[in-house]
Every structure is written in structure tokens, then in C-alpha cells.
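Let's take a walk through the ligand sites of this model. Have the sequence and the structure open as you read.

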Amino acid sequence: MKNIIITGGAGFIGSHVVRLFVNKYPDYHIINVDKLTYAGNLANLKDIENKPNYTFVKADICDFETIMGIFKKYNVDGVIHLAAESHVDRSIKDPFTFAQTNVMGTLSMLQAAKLTWEQLSEKWEGKRFYHISTDEVYGALEMTNPEGIKPPFTTKASSGKHHLAYGSKFFTEDLKYMPHSPYSASKASSDHFVRAFHDTYGMPTIVTNCSNNYGPYQFPEKLIPLFINNIRHRKPLPVYGKGENVRDWLYVEDHARAIDLIFHKGTIAETYNIGGFNEWKNIDIIKVVINTVDRLLGRKEGEDMNLITYVTDRAGHDMRYAIDSSKLQRELGWEPSLQFEEGIEKTVKWYLENQAWMDNITSGEYEKYYESMYANR
Ligand code: NAD
Ligand code: DAU
């Protein structure tokens, strides 16, 4: 029996990772440690909440004493650390919370693991601290091919017609960190602490940096679920700047599969980039989402294009993200399983079929936040 803490398991990606581990590894005990901030939602885990190998603990990762208590109580073998403040726009308004949770919270998890594990006779043997990070730590890539070119990608994801590259450079694991937003600066700092715990104390750590995820259970402040919901209700779609920024999109279950593989087979002290080889300009993705929602709701395809509303750009808006995940493909054999067209269809369907999940979130406090976010644009 392995006791594994997954932090942030009630959030978007965390809930997919918890579900995968609980179902796939009945011999593991999965301890989901989550503070349930605005982004944490136990409804994301309804289908597994009564499984015998699953425990939920409501706790703040910054509360070091409580985290120490969890390590002692559950005889923890491994940590998959996802808990974080994750939304760039919020970090621009409130950077302190990001430094607190993402930097101090990660440090608190690291220190609790270190103090617990170094006292054991077997010390680090069989232990693992896996930190989930983002491609945003690398900064922004240039758009040297604004029309897009087809590079010689080797993954399955490359075969679809939309898989273009908008520049000749990609994020590789050896790139210098150049974060621009308070969010990415806080994640970069947390990555440095994780590596420092390996280099200083010998803690068995792994870091991965992933591109934009999409799929079910994403909090509707992020582009895709926000826009699906707004199209359904015929509300304006706030496109930042010219909508030309490029992101590399990965279906969330493919990220969860990569996390499973790397947790079990990844080399200690290594970094792996995880991405979809799937670059899209925001405006192009928005058009696909509009067409898909319209079609699935029985409206005329494209009928809701008039909801597109160009608004003031995000401060410090990174132009292009594009991950090179060939190291992960080469060394561990991972590649994205879903074509983007399939993934976005599944995603839109899920949100339309789970309107109660969405309504539950988008009423009350969220509404006030959303209004204040866009009021002064
Ligand atoms: P999310 O905002 O949906 O979920 C974050 C979860 O962490 C929530 O359940 C929240 O309650 C919990 N949490 C926040 N502060 C906490 C605290 N102090 N103590 C305990 N729990 C706390 O985030 P997400 O999009 O699922 O991202 C998860 C992780 O993956 C983050 O570390 C993020 O940086 C990283 N990441 C996200 C993406 C993406 O596209 N969403 C891509 C790459 C990496
Ligand atoms: O790259 C990985 C990162 O992807 C993760 O580390 C972050 O946690 C995650 O939130 C995501 O960051 P982005 O800022 O790229 O995601 P977001 O969904 O906020 O925005 C995607 C793009 O769409 C971005 O260029 C900004 C733009 N956008 C976003 C919103 C919410 C709009 O044009 N309008 C919007 O209303």
C-alpha cells in the first residue's frame, strides 16, 4: 500500500489526477489535501468520493503544522503537488496571495516531506516529491510565422490539419526561466525551491512544466469554459487585445496520464515538458468554440460570432507559448492521445450536459468577481 498525497485535488487538473489514481491503483491510498478556495470544488470528485482508497483532508498547504500532522498520520510515501493559485488575471490584481500559496505553500510541503522522510531508516528510499508546474515560467516566444507553418512534428497530434507552429522556437527543458506575470513568477520561484531541496538535501524530486489544459471541470474564469458558458447565455465574449496570442492546448486527461507515467517512471531530479504540439491563436480557438456550441445547441453554426468583443489587453500578456515535449516522448513514450477537434467536441458537450455544475459556480460570489474583473476594462 502506498500513501500518496495529491494537493489541489479538488481543482481542475487535480480532480482528474485523483480520479485516475483512485481508479487505476486500488492498492494506493490517495489523500487529497485541498483548502477548497474559490477554485476547489468537491463536486468534481462525486464519482469517487466513497471509494475505500480515497481520503479528503481540507487543509491549507501554507499551514505547516497541519501539513506535518498529515504526513505523520498517513505515513506518506509520495506527493503530487498541484495546489496553487492558477489564474493569471487574478495574480495581476492580487500578487500577494500568489506568492503566499505558490511559493510559501510549496515550501511548507517540501519542508514537511523533508522533516518526515529524513528521519526514516530508509530515508528517501521509495519516496518521491513531484511538483506540477507550468510552461509560463519560460516567458513568451516570438511569433516569427504569423500565418503558421507545419513543422515536422512526430507525435500523433501532429496529423490534424490545425497543428501549426507560429514561430521557429519552442520551450525546451534547458531554457532559462523568464516569467512575466506575478502568477508565473510565483510558479518559477516554487520550481526553484523544489530543485533546491533535491540539490541541498537529496530529496527525490521531479518537476514538470505543462501547457494550457482544457476539458471538463475547469473553473469558468479560464478562456474555454468561460466562453462556452457565455455563448450558451448569449453574453459578450471578452477577447483580450487582438486575439492573436498563441497557446498550446492539451486535453486534461492526457496531462493526467503523463503525470501518472512520470510519477512512476520519471528520473529523479529531471524536468519534463508536457504539451500538445497544438498551437492555436485565441481568436481561432474562439471561433471553433462558437461553431461547436452553436451546432450542439441546434443553433445555426456561427450565429453567435457577433458576441466576440475585443477588450483591453491583459497587462504583460505573453504572446506565444509552445512546448517541445519530445524529451517525454523519447524517454517515456508519452504522447497526446486526442486530436484537438475530438477534445474540444467532448469538452463543449460536457459543459452543455453539466449545466447544473456550471450554474452552481456562476451564481453568487463568482458573479460579483466576474463583474468587478471586467467593469474597469
Ligand atoms: P485550479 O485553480 O483549478 O485548482 C487549484 C486547486 O488548489 C483548488 O482545488 C484549490 O482549492 C487548491 N488550493 C489553492 N490554494 C490552496 C492552499 N493554500 N492549500 C490547499 N489547496 C489549495 O488549478 P488547475 O488549473 O487545476 O492547476 C493545477 C496545477 O497545475 C497548478 O499548480 C497550476 O499552476 C498547474 N498548471 C495548470 C495548467 C492549466 O492549464 N490549468 C497548465 C499547467 C500547469
Ligand atoms: O500555459 C499554462 C497556463 O495556462 C497555466 O499555468 C495557467 O494556470 C492557466 O490558467 C493557463 O494560463 P492562460 O493565461 O494561458 O489561460 P487563460 O484561460 O486565462 O487564457 C488563455 C488565453 O486567452 C490567454 O491568451 C488570455 C486569453 N483570454 C483569456 C480570458 C479568460 C481572453 O482573450 N479573454 C478571456 O476572457
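## Two ligands and a buried asparagine

Around ligand 2 there are 25 residues, and those that come nearest are Thr134, Asp135, Tyr183, Arg314 and His317. Please keep in mind that this is a predicted model.

Let's stay with ligand 2 for a moment. One of its oxygen atoms lies 2.7 Å from a polar side-chain atom of threonine 134, and an N or O atom in the side chain of histidine 317 is likewise 2.7 Å from an oxygen atom of ligand 2. Taken alone, ligand 2 exposes 690 Å², of which the protein buries 95%. Serine 86 takes part through its backbone: an N or O atom there lies 2.7 Å from an oxygen atom of ligand 2. Helix H6 (223-232) and strand S8 (237-240) each supply at least two residues of this shell. By class, the shell around ligand 2 is made of 11 nonpolar, 8 polar and 6 charged residues.

Now to ligand 1. Which residues come nearest to it, of the 28 around it? They are Ile13, Asp34, Ser86, Tyr183 and Lys187. The table gathers polar contacts with oxygen atoms of ligand 1.

| Residue | Protein atom | Distance to an oxygen atom of ligand 1 |
|---|---|---|
| Serine 86 | polar side-chain atom | 2.7 Å |
| Lysine 187 | polar side-chain atom | 2.6 Å |
| Asparagine 213 | backbone N or O atom | 2.9 Å |

Ligand 1 taken alone exposes 830 Å², and the protein buries 96% of that. Two or more residues of its shell come from each of helix H1 (12-24), strand S5 (128-134), helix H5 (182-201) and strand S7 (212-214). Strand S5 gives the most, with 3 residues. The shell around ligand 1 divides into 13 nonpolar, 11 polar and 4 charged residues.

Serine 86 is worth a second look: its backbone provides an atom 2.7 Å from an oxygen of ligand 2, while its side chain provides a polar atom 2.7 Å from an oxygen of ligand 1.

Finally, let's turn to asparagine 41, placed in the loop between strand S2 (28-34) and strand S3 (54-58). Is asparagine 41 buried or exposed? Its relative accessible area is 16%, so asparagine 41 counts as buried, the cut-off being under 20%. The side chain of asparagine 41 reaches the backbone nitrogen of alanine 43 at 3.0 Å. Leaving aside residues up to four places away in sequence, asparagine 41 touches Ala10, Leu36, Trp357 and Ile361.

Note on methods: Residues numbered from 1 in each chain as written. Chains lettered and ligands numbered in written order. Predicted model: local features only at pLDDT ≥ 70, side-chain atom pairs only at ≥ 80, totals over all residues. Heavy atoms only, no water. Near = heavy atom within 4 Å. Polar contact = N/O pair within 3.5 Å; in protein donor to acceptor, adjacent residues only side chain to side chain. Areas by Shrake-Rupley, 256 points an atom, 1.4 Å probe, with all protein chains shown as cover. Helix = DSSP H or I, 4+ residues; strand = E, 2+ residues; numbered from the N terminus. Nonpolar A, V, L, I, M, F, W, Y, C, P; charged D, E, K, R; others polar. Buried < 20%, exposed > 50% of the residue type's maximum accessible area, 1.4 Å probe, protein only. Contact = heavy atoms within 4.5 Å.
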